[in-house]
Amino acid sequence: MTAEEAVAAAFQEEWGQVVATLIRVTGDWDLAEECAQDAFAQALDRWRRDGVPRRPGAWLTTTARHRAMDVLRREAVGARKLREAAMLTAPEEPYDDSGVQDDRLRLIFTCCHPALHIEARVALTLRTLAGLTTPEIARAFLVPEATMAQRLVRAKKKIRNAGIPYRVPPAHLLPERTTGVLGVIYLLFNEGYAAASGADLVRRNLCAEVIRLARVLARLMPDEPEALGLLALLLLHDARRETRVDADGELVTLEDQDRTAWDHAEADEGAALLETALRRGRPGPYQIQAAIAACHTTAATAKDTDWADIAALYGELVRFVPSAVVRLNRAVAVGMAEGTDAGLALVAELEREGELSGYHLLPATRADLLRRSGRTTEAAQAYERALELVENDAERHFLEKRLGECRST
Amino acid sequence: MKYALLICTPVGGAELSPAEIADDPRFTSYIEEVRSRDLVKGGARLRPASDATTVRVQGDEVLLTDGPFIESKEYIAGIDIVEVADLDEAISLASRHPAALGGGSVEVRPVWE
């Protein structure tokens, strides 16, 4: 391995850890990032000359820490921080109330603190944990770079001024805060996954970054089956990424995807992790969603899909997440398992309630069920309604194609 | 850290006098807790927004308005200054404040120190 490769690998593996430790040591988020960057730059020089150290992470953390001490020594106001930094050359870390002691876990919980706006949580997580640059994050979220830079500055300022603690929450807060952390990771993955076209590499790379974060979280929270369930879910989704659009960038439904092109090693890993999670006997929404995804990836052909199982799993999911969107997904599964009429009845129920009235997938689901039952005229009307509401281009093309098929029969 | 808890009450809600609050079991346990832990460093219970007068100055002219400075669904009924370790502790306190339970809200603001 060349020094360049070693630094690139260390960046992926160690960036979050180096920043997290430096934040604890200095209490200063900007300084921590600056010193981490500096340590990686030095690594390139030094590792070329002296070879790659045996423990690159420890080398980087020590180098960044020395740099921080240099900076703080030059600032008179840093006197108190410097004492702390000097003390922290000792390897042991303080324990939290929860008994967890990894700096990265502290950083994850702080970045995802519910007192921060969700956009700030997402941006901070990518910047400080995954090491994405501000322009990369801006591109991934399709906002101007200046806007993203300002968002990050504001978030760090709120952490400091509002006194958001840098720690893993105590046991009584842990369950709800963990749900929040998992939610941020899931949202980040969806953001990358939605960029299906392949034209935008930054957005697609987001999925790989987020899976890496989910791995760290699952490792740091071994007692939390939902962390494992989330990782399993992301892997099972990601295994299908290459087949979700065709060569022209058109959306391909699960039914029509080329199953031989799925990443079966990734899917198997996801399924195995799910098994491990389920054995703990504490199911949750991510484990159930992973189980649904696993039903799809383990079916040899679309016809072999066990829709009865999937419908039952959605029934379970509704108990954890009683949202209209989950119930709409359940309607699809019930339509496939018990016949289109049963699915349409559930869709009609949602239509009456009106909560999803502006959501294109409501008429699109109705259209699909009608199409399957051969009621093409009614299906065409529902597709037209869905097209009035749809915003994403790939989905619009897909709906137009289906509408054309219904009209020509 | 010091935080100001701005106790917000829905407009048109029940107006309890300090004496009534002292007798209200929803408030007594909260008051007991903050007193025993010596968390409250200051604050005030405010009379209703209808008793407010808003002062503005334009040039040399002092303009008065009968009522609070902004018409809203909630008004500030009181302010507690508390001293706690961090935002989590301030949130935990605010979430047990009877105003937050009874349809009102508590805005947690760090004090500029």
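This talk goes through chain A, its contact with chain B, and a few salt bridges and backbone details.

One point before I start: what you see is a predicted model.

Let me begin with chain A. Chain A has 19 helices and zero strands. Its length is 409 residues, and for that number a compact globule would have a radius of gyration near 22 Å; chain A comes out at 24 Å, which agrees. Along the principal axes, the C-alpha atoms of chain A fill a box of roughly 80 × 45 × 35 Å. As for burial, 50% of the 409 residues of chain A count as buried. If you take the contacts in chain A with a separation of 6 or more, residues 24 or more positions apart account for 63% of them.

Now the interface. How many residues does each chain bring to the contact? Chain A gives ten residues and chain B gives seven residues. Between them the two chains bury about 620 Å², and 55% of that is on carbon and sulfur atoms. On the side of chain A, Ala162(A), Gly163(A) and Pro165(A) supply 47% of the area that chain A buries against chain B, more than any other three residues.

The polar part of the interface comes next. The rule finds three salt bridges across the interface of chain A and chain B. One of the pairs to look at is Arg167(A) with Asp86(B), whose side chains meet in a salt bridge at 3.3 Å, N to O. There are also six residue pairs in polar contact across this interface, with both residues at pLDDT 80 or more. By residue type, the side of chain A that touches chain B divides into five nonpolar, three polar and two charged residues.

Stay in that region for Asn161(A). Asn161(A) has its place in helix α8 of chain A, residues 145-162. Which residues does Asn161(A) contact, leaving aside its neighbours within four places in sequence? The answer is Met1(B) and Pro110(B). Is Asn161(A) buried, exposed or partly exposed? Asn161(A) has a relative accessible area of 41%, and buried would mean under 20% and exposed over 50%, so Asn161(A) is partly exposed. For a sense of distance within the chain, the C-alpha atoms of Asn161(A) and Glu391(A) are separated by 39 Å, with the two positions 230 residues apart along the chain.

On to salt bridges inside the chains. A search of the whole structure finds 40 salt bridges over all chains. I will show three.

The first example is in chain A. The side chains of Arg127(A) and Glu33(A) meet at 3.2 Å, N to O. Arg127(A) lies in helix α6, residues 118-129, and Glu33(A) in helix α2, residues 29-50, so the pair ties together parts of chain A that are 94 residues apart in sequence. Both Arg127(A) and Glu33(A) are buried. These two residues also belong to a network of salt bridges that links Asp30(A), Glu33(A), Arg127(A) and Lys156(A).

Next, Glu349(A) forms a salt bridge with Arg327(A), with the closest N and O atoms 3.4 Å apart. Here Glu349(A) lies in helix α16, residues 340-353, and Arg327(A) in helix α15, residues 324-338, so this pair ties together parts of chain A that are 22 residues apart in sequence. Glu349(A) counts as partly exposed, at 33% relative accessibility.

The last example is in chain B. The side chains of Glu113(B) and Lys2(B) meet in a salt bridge at 3.7 Å, N to O. Glu113(B) lies in the segment after β6 (105-110) and Lys2(B) in strand β1, residues 2-10, so the pair ties together parts of chain B that are 111 residues apart in sequence. Glu113(B) is exposed, with a relative accessible area of 66%, whereas Lys2(B) counts as partly exposed at 24% relative accessibility.

Two backbone details to finish. Leu142(A) has a positive phi, near 55 degrees, and is a residue other than glycine. Leu142(A) is found in the loop between α7 (134-140) and α8 of chain A, and at 61% relative accessibility Leu142(A) counts as exposed. In chain B, Asp38(B) has a positive phi of about 55 degrees although it is not a glycine. Asp38(B) sits in the loop between α2 and β2 (40-45) of chain B.

Conventions: Residues numbered from 1 in each chain as written. Chains lettered and ligands numbered in written order. Predicted model: local features only at pLDDT ≥ 70, side-chain atom pairs only at ≥ 80, totals over all residues. Heavy atoms only, no water. Contact = heavy atoms within 4.5 Å. Buried area = accessible area lost by both parts, 1.4 Å probe. Salt bridge = Lys/Arg side-chain N within 4 Å of Asp/Glu carboxyl O. Polar contact = N/O pair within 3.5 Å; in protein donor to acceptor, adjacent residues only side chain to side chain. Nonpolar A, V, L, I, M, F, W, Y, C, P; charged D, E, K, R; others polar. Helix = DSSP H or I, 4+ residues; strand = E, 2+ residues; numbered from the N terminus. Rg over C-alpha atoms; globule rule 2.2 N^0.38 Å. Buried < 20%, exposed > 50% of the residue type's maximum accessible area, 1.4 Å probe, protein only.
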